[in-house]
Amino acid sequence: MQKMIVVKSTVGLHASLAAKIVKAASQYSVDILLHYDNKTIDVKSILGLMSLAVPSGENVIIEANGDQAEVAINEIAAILS
């Protein structure tokens, strides 16, 4: 399952937002990936998220596979929105 999300934080994907995403993603036993600017990272990696330096207003794609994929994607989307 995939979902396109607009990063709405005024400062983009920063450290505290990345920490919230990693914490939320770690609750699920599914693989969750984030695609941005031809790069793909594991959402459970705070360093991976921060390395993308996604600015405010940019689109990212969240992808997850498994039984809890939809729930995980929706929770991460809520954090980014």
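Me: Buried means under 20% relative accessible area, and exposed means over 50%. In this predicted model, is S9 buried or exposed?

Reply: S9 is found in the loop between β1 (2-6) and α1. Its relative accessibility comes to 18%. The cut-off for buried is under 20%, so S9 counts as buried.

Me: Which residues is S9 in contact with, leaving aside its neighbours within four places in sequence?

Reply: We're still in the loop between β1 and α1, where S9 is found. With its neighbours within four places in sequence left aside, the contacts of S9 are H14, L17, S56 and L80.

Me: Let's zoom out. What pattern does the protein follow along the sequence?

Reply: There are three helices and four strands to place. Read along the sequence, they follow the pattern β-α-β-β-α-β-α.

Me: What radius of gyration does the protein have, next to that of a compact globule?

Reply: The C-alpha atoms fill a box of roughly 30 × 20 × 20 Å along the principal axes. A compact globule with 81 residues would have a radius of gyration near 12 Å. The protein agrees with that, at 11 Å.

Me: Why do the buried residues of α1 end up on the same side of the helix, and how wide an arc do they cover?

Reply: The buried residues of helix α1 (residues 15-25) are L17, A18, I21, V22, A24 and A25. They are on the same side of α1 because the arc they cover around the axis is only 165°. As a general point, an α-helix has 3.6 residues a turn, so residues three or four places apart point the same way. Back on α1, K20 and K23 are exposed on the other side, while the arc of the buried residues is only 165°.

Me: Which elements do those buried residues of α1 pack against?

Reply: L17 and I21 are among the buried residues of α1. One element that the buried residues pack against is a strand, and the full list is β2 (31-36), α2 (46-52) and α3 (69-80).

Me: Which strands stand at the edges of the sheet?

Reply: The open sheet has four strands in the order β1-β4-β2-β3, with antiparallel pairing. An edge strand has a single partner, so one side of it is left without a neighbour in the sheet. That goes for β1 and β3 (39-42).

Me: Which residue of β4 is the bridge partner of M4?

Reply: β1 and strand β4 (residues 59-65) pair in the antiparallel sense over five bridges. In β4, the bridge partner of M4 is I61.

Me: What angle does the direction of α3 make with that of β4?

Reply: α3 packs on the sheet and touches β1, β2 and β4. Its direction and that of β4 make an angle of about 155°.

Me: Which residues form the covered face of β2?

Reply: β2 runs antiparallel to β4, joined by five bridges, and I32 stands opposite A64 in β4. The uncovered face of β2 has D31, L33 and H35. The covered face has I32, L34 and Y36.

Me: Which residue takes a positive phi in the hairpin of β2 and β3?

Reply: Four bridges join β2 to β3, which run antiparallel, and H35 stands opposite T40 in β3. The hairpin has two residues between the strands. The positive phi, near 50°, belongs to D37.

How values were computed. Residues are numbered from 1 along each chain as its sequence is written. This is a predicted model: local features need pLDDT of at least 70, side-chain atom pairs count only at pLDDT 80 or more; totals for chains, interfaces and linings use all residues. Side-chain values use heavy atoms; hydrogens and water are left out. Buried means under 20% relative accessible area, exposed over 50%, partly exposed in between (1.4 Å probe, protein chains only). The arc is that of the directions from the helix axis to the C-beta atoms. Contact means heavy atoms within 4.5 Å. Two strands pair if DSSP finds at least two bridges between them. Axes are lines fitted to C-alpha atoms, for helices over the stretch in contact, and angles run from 0 to 180 degrees between N-to-C directions. The radius of gyration is taken over C-alpha atoms; the globule rule is 2.2 Å times the number of residues to the power 0.38.
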